[in-house]
Amino acid sequence: MTCPYCEENRAHRSHRKGLNDRMHLLFKQIPYRCKNCSRRLYAYRAGEDSPRMRTHEERKIMELRRRLRWKRTKRELVIYGFGALCFAVVIYFLIRPSTPASGG
Ligand SMILES: [Zn+2]
């Protein structure tokens, strides 16, 4: 692993510690430490994949996927909402006082 600061190939995987490292792990980034300048840096685990992951198209695909998932969630919410509304209407007709027009 080449260190981006001093451009020496002396960066090694560092032990993760602290909340900061865990946050980076959420984004599939793991901590490295350079033995030359002793700086810490974060890199994607799949080294070769990382440049491709950040291309514009890849990001667009991820965004599209997320939007599709949100659309599905929204549709489910609409269905549940409609069901709840129907239920409320039925309950309303069941419990409402009898109208004066009925019967005689
Ligand atoms: Zn370095």
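Okay, quick one today. Let me start with what I mean by a contact: two residues are in contact if their C-beta atoms, placed from the backbone, lie within 7 Å. With that, among the contacts in the chain with a separation of 6 or more, 34% come from residues 24 or more positions apart. And keep in mind that this is a predicted model.

So, the layout. We've got three helices and three strands in the chain, and if you walk from the N terminus, the elements go β-α-β-β-α-α. How much of the chain is buried? Just 4% of the 104 residues count as buried.

Now the sheet. The three strands make an open sheet, ordered β1-β2-β3, with antiparallel pairing. On the edges sit β1, residues 11-13, and β3, residues 40-44, and each of those pairs on one side only. From one strand to the next, the twist averages 40°. Looking at β2, residues 29-34, five bridges join this strand to β3, and the two run antiparallel. If you want a spot to zoom in on, find Arg33: what stands opposite is Arg40 in β3.

What does α1 touch? This helix packs on the sheet, touching β2 and β3, and its direction makes about 130° with the direction of β2. So is α1 buried or out in the open? Well, α1 covers residues 18-26, and zero of those nine residues are buried, so the helix lies largely in the open. For the cut-off there, buried means 20 or more other C-beta atoms within 10 Å of the residue's own.

One last backbone detail: just after α1, Lys28 has a positive phi, about 60°. That's my bit, thanks.

Key
Residues numbered from 1 in each chain as written. Predicted model: local features only at pLDDT ≥ 70, side-chain atom pairs only at ≥ 80, totals over all residues. Buried ≥ 20, exposed ≤ 12 C-beta atoms within 10 Å, placed from the backbone. Helix = DSSP H or I, 4+ residues; strand = E, 2+ residues; numbered from the N terminus. Pairing = 2+ DSSP bridges. Axes fitted to C-alpha atoms, helices over the stretch in contact; angles between N-to-C directions.
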